[in-house]
Amino acid sequence: MNTKIMNALNDILSSFGDKYYIGDELNKAKVIQDIDSYDEELIMALLSNDLVEKHYARKIGEYTLIETNKLIETFEMDNYWMNSYTKYSKKIGLTVNGRFLDESTDVVLGFPYKDTVLKAGMSKEDVEKEDLLPNEPFYNEVVAAEEIDTLLDKKVLVNAKRHTPEGIEEVVDFTEEDNLILKGNNLLALHSLKETHAGKVKLIYIDPPFNTEGDTFEYNDYFNHSTWLTFMKNRLEIAHALLASDGLILIHLDFNEVHYLKILADEIFGRKNFLNEIIWCYRERETSKRFFNRKHDTILFYAKDKESNYTFNNELIREEYSPVTLKKFKYTDEEGRKYRLRTKDGKSDPAKEDDNSYRQYLDAQSGPLPRDWFMIPFLNQASSERVGFNTQKPEELIKKFILVGSNEGDIILDFFAGSGTTLSVAHKLKRKYIGIEQMDYVKDITVPRLHEVVNGIQTGISEEVNWQGGGSFVYAELMEKSKGYLESVLEAEDTDSLKQIYQLMLENVDLDFRVDLEQVQEMLNDGISLEDKKRLLVKVIDKNQLYYNYSEIDDANVRDLISDNDYAFNQSFYKEEEYHGQENQ
């Protein structure tokens, strides 16, 4: 049945050429997808038609609102779209109440907190405090928009130091040539980079928590499944914004969540931009007789835009040919290229060239083109590059990714920096880098490791790439609101002092974790030891890892806590005109 409204809709869709048609058939799924995502061209075309506007738009004051739900319902009416690409006779798939899942706006990727922001503590301490069980809020993107804006606003940076071969020095200026290590919640740190680094990162490699019950150092590695997906979604979305148009991202996971993350990453980066899954085989020995032995991790590999001329230096990661292969290619031509003789029927290897033979050359002198799986042993306990980190990856593995996906001077980002392997390899390969880590071991393990790299340490890939030291990096921390309270708690000499500190916290700190305040008060009044009471308040502080926004830097109560050097560093980092004006005077 061709109604006036159907004709009007057909005319509008036809004006887009083959965008919404496959041959003569309407691609309803594409139309519904674009309506649901408020595709600007399509929505404006629909509103420009008087008939469509009359039936599918509402006037509220001076504004016009299009009722996308009614439009989508119209395109889901099969009786009116018999020549559609998605009609039952030409489509196989799952349906709910007569509708295909990909045509329904009621079906989302299977986790309930999809449209929320989760700051998420990374420490095991955040989930193992039975006396103060965490109940971190999921900020709904619509209802809590202002809270999210405040949460994700760029943060004040403190304790900035530059590490060079000559030592560690105060730093007041940050340049585009500086490498950077940030300590703080990685979601908030990533958003602090948005203004300065959006569209500039060439390669991202991350090795996030695998969401297992295993003991993987101090990471909180056992999120609820839905929480983990939200945790990853929030971070991958800002990572996408930081990637250059020709950038690449590699996401390292195991079997626990990789298949769910693939679907989520398809949504964020675009399924068309998925390049490959890379298999890292990390051991040869058998560990179980009850199932197929687990010997590999999976790295999901995406481009920001698959159609861009992204870097892929395949010649830099070719492996050496085996002695067996080289023995077969026993001839050398006048240009020095290795080859073997093959008969045209492929049945024998003639001893000399004749009419029935041809030359089969090695693909290149340096080795075969890279494959999508690597056999690189996991670091053993005696490895010279091990820094006391259980899940530390071999530098040789990360070297492949950085060499193939970037060039010297490009920016590499790892926002689950851990022990600093990605940063170490990037430094030795003369790439710029940004590393983010929340855990305290960044000061005891990661930064000292990179300091040794600057000074020419000969571990990992150092000998292979002739690393002799050099370069520098800047370390800085997101300024914690609770730092002063933490120091006061540790210095308190009696219970009364602790109670006074707690009262100040209640009056001045917004607690974003919902601790049981009454229970805390009762425990402070209880007969437990002073040290136990201190530990209690430290737990509360740990749970509320809040940071000062850069917009607060000139507030009197904040400015007094910041050194003049850090104040100048912040203005330099965020490229404030005031700072550069003073600098040029």
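About 60 Å³ of space lies in the largest cavity of this structure, which is a predicted model. The residues that line this cavity are Ile317, Glu319, Pro368, Leu369, Pro370, Arg371, Trp373, Phe374 and Lys400. When the whole structure is searched, three cavities of 30 Å³ or more are found.

The protein chain as a whole can be described by a few totals. Its fold contains 21 helices and 22 strands, and 50% of its 585 residues count as buried. If one takes the contacts between residues at least 6 apart in sequence, 69% of them join residues at least 24 apart. The accessible surface of the chain comes to about 30100 Å², and carbon and sulfur atoms account for 47% of that area.

Turning to the interior, the largest nonpolar core has 63 residues, of which Ile204, Met232, Leu236, Ile251, Leu261, Phe415 and Phe569 touch the most other members. Helix H9 (residues 225-242) supplies the largest share of this core, with eight residues. Another core, of 34 residues, lies apart from it and includes Tyr282, Ile317, Ala417 and Val442. Ile317 thus appears in two places in this account, as a member of that core and as one of the residues lining the largest cavity.

Two residues for which contacts are listed, leaving aside neighbours within four places in sequence, are set out below.

| Residue | Residues in contact |
|---|---|
| Met232 | Ile206, Pro208, Leu261, Leu264 and Phe416 |
| Asp34 | Lys19, Tyr20, Asp39 and Leu42 |

Among the partners of Met232 is Leu261, and both Met232 and Leu261 belong to the set of residues that touch the most other members of the largest core. Asp34, by contrast, is an acidic residue placed in helix H2 (residues 28-36).

Does Asp34 count as buried or exposed? Asp34 counts as buried, because its relative accessibility is 5%, and the cut-off for a buried residue is under 20%.

A further local feature is the hairpin of strands S3 and S4. Strand S3 (residues 57-60) pairs with strand S4 (residues 63-66) in the antiparallel sense, over four bridges. Within this pairing, Ile60 has Tyr63 in S4 as its bridge partner. Two residues lie between the strands of the hairpin, where Gly61 takes a positive phi near 65 degrees.

Terms used: Residues numbered from 1 in each chain as written. Predicted model: local features only at pLDDT ≥ 70, side-chain atom pairs only at ≥ 80, totals over all residues. Heavy atoms only, no water. Buried < 20%, exposed > 50% of the residue type's maximum accessible area, 1.4 Å probe, protein only. Contact = heavy atoms within 4.5 Å. Areas by Shrake-Rupley, 256 points an atom, 1.4 Å probe, with all protein chains shown as cover. Core = buried A, V, L, I, M, F, W, Y, C linked by side-chain atoms within 4.5 Å. Pairing = 2+ DSSP bridges. 1 Å grid on protein atoms, 1.4 Å probe; cavity = no way out; pocket = protein on both sides within 12 Å on 5 of 7 lines; lining within 4 Å. Points joined across faces, edges and corners; volume = space filled by probe spheres on them.
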